[in-house]
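This report is meant for a reader meeting the structure for the first time. Please keep the sequence and the model in view while reading the sections below.

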Amino acid sequence: MMIDVRQVSHPEAVRRYDTEELRRHFLIERLFEPGKVLLTYSHIERFVIGGATPQSVPLKLESDKATIGSPNFLDRRELGVFNIGGPGKVEVDGTTYVLGHRDALYVAQGSKDVHFSSDSPDHPAKFYLLSTPAHHRYETKVVRIAEAKKMDLGDQATANKRSIYQMIHPDVVQSCQLVMGMTQLDAGNMWNTMPCHVHDRRSEVYLYFDLAADARVIHLMGEPDQTRHLVVADGQAILSPPWSIHSGVGTRAYTFIWGMGGDNIDYTDMDMVAMDQLR
């Protein structure tokens, strides 16, 4: 297991970042490597973002005392797991949960042993991981993509026709502060979350996937009057602090997993930014 640490950046400092600095602080480029668990610890909401790509041998989610601060990874944390690869399994304290493509698993605080495995090393599972601190133990639960709370939004005329799947969400499964889901753009649609918003009470992480090798998403970030952008490839994630807008446009349709942590679990808690405020 490998773990990287990211510090919090003040918005006034970010105004002076060049492209390399923006990418170093806010873009997670390495998540899915065969036979490895790769983690990033962010001091934004104390998120842990990761990817587990098991092949013929199961992979264990280990704790790192210097960063996690407890003997077991989930002693004081909860975890969301989304499978964006082939069929696989997650074993939690001796109970096995089968996850197909785009299925999710909420793993309760206090769980001790978490292992990831693929049904076939030739078509391995790719488990995307997002963890936040937790104060209470709820139930470990599988959420199939077919069981998600689905919302269809947008319009072809504005190129943002999309389906939102709320999966780790108060209407679907109980959690302490972790809220997660998936947004899939229809073919021929490229924009998400425009008009954009901020929410000072929560932060977010975005994993972009379903992109061809030659496709990219232009992720917009920054203060509304000090916008910046990051060019994102398939299987890469963005850290979005509470003061930043978050929107994106792709060179073609794509899918992304959004995850939130902070003061509440209210999905609609957002402060809209008028188009004429953007600079």
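## Contacts of Phe 26

In this predicted model, Phe 26 touches a set of residues that, once those up to four places away in sequence are left out, consists of Arg 6, Ser 9, Val 14, Tyr 17, Met 221, Leu 230, Ala 237, Ile 238, Leu 239, Pro 241 and Trp 243.

## Nonpolar cores

Phe 26 also belongs to the largest nonpolar core, which has 51 residues. Together with Ile 49, Phe 82, Tyr 128, Leu 207, Tyr 208 and Ile 257, Phe 26 is among the members that touch the most other members of that core. Strand 18, covering residues 202-209, gives the most to this core, with 5 residues.

Another core, of 24 residues, lies apart from the largest one, and its members include Leu 59, Val 81, Val 90 and Phe 127.

## The hairpin of strands 19 and 20

Met 221, one of the residues that Phe 26 touches, has Arg 228 in strand 20 as its bridge partner. Strand 19 spans residues 217-223 and strand 20 spans residues 226-232, and the two pair in the antiparallel sense over 7 bridges. The connection between strand 19 and strand 20 is a hairpin that passes through 2 residues.

## The largest pocket

The largest pocket has a volume of about 350 Å³, and among the 20 residues that line it, Arg 162, Thr 193, His 197, Tyr 267 and Met 270 are the closest to its centre. Two or more lining residues come from each of strand 14 (162-168), strand 18 and strand 23 (255-262), so named here as elements in the DSSP numbering from the N terminus.

By class, the lining of the largest pocket divides into 11 nonpolar, 6 polar and 3 charged residues. Strand 18 thus appears in two settings, as it gives the most to the largest nonpolar core and is also one of the elements that give two or more residues to the lining of the largest pocket.

## The second largest pocket

The second largest pocket holds about 170 Å³ of space, and it is lined by Met 2, Ile 3, Asp 4, Arg 6, Ile 28, Glu 29, Arg 30, Leu 38, Leu 39 and Thr 40. The elements that give two or more residues to this lining are strand 1 (2-6) and strand 3 (37-42), and strand 1 gives the most, with 4 residues.

The lining of the second largest pocket has 5 nonpolar, 1 polar and 4 charged residues. Arg 6, which is part of this lining, is also one of the residues that Phe 26 touches.

Definitions and conventions:
Residues are numbered from 1 along each chain as its sequence is written. This is a predicted model: local features need pLDDT of at least 70, side-chain atom pairs count only at pLDDT 80 or more; totals for chains, interfaces and linings use all residues. Side-chain values use heavy atoms; hydrogens and water are left out. Two strands pair if DSSP finds at least two bridges between them. A nonpolar core is a set of buried Ala, Val, Leu, Ile, Met, Phe, Trp, Tyr and Cys residues joined through side-chain atoms within 4.5 Å. Buried means under 20% relative accessible area, exposed over 50%, partly exposed in between (1.4 Å probe, protein chains only). Contact means heavy atoms within 4.5 Å. On a 1 Å grid over the protein atoms alone, a cavity is a set of points where a 1.4 Å probe fits but cannot get out, and a pocket is an open set with protein on both sides within 12 Å along at least five of seven lines; lining residues have an atom within 4 Å of a point. Grid points are joined across faces, edges and corners, and a volume is the space filled by probe spheres set on the points. Ala, Val, Leu, Ile, Met, Phe, Trp, Tyr, Cys and Pro count as nonpolar, Asp, Glu, Lys and Arg as charged, and the others, Gly among them, as polar.
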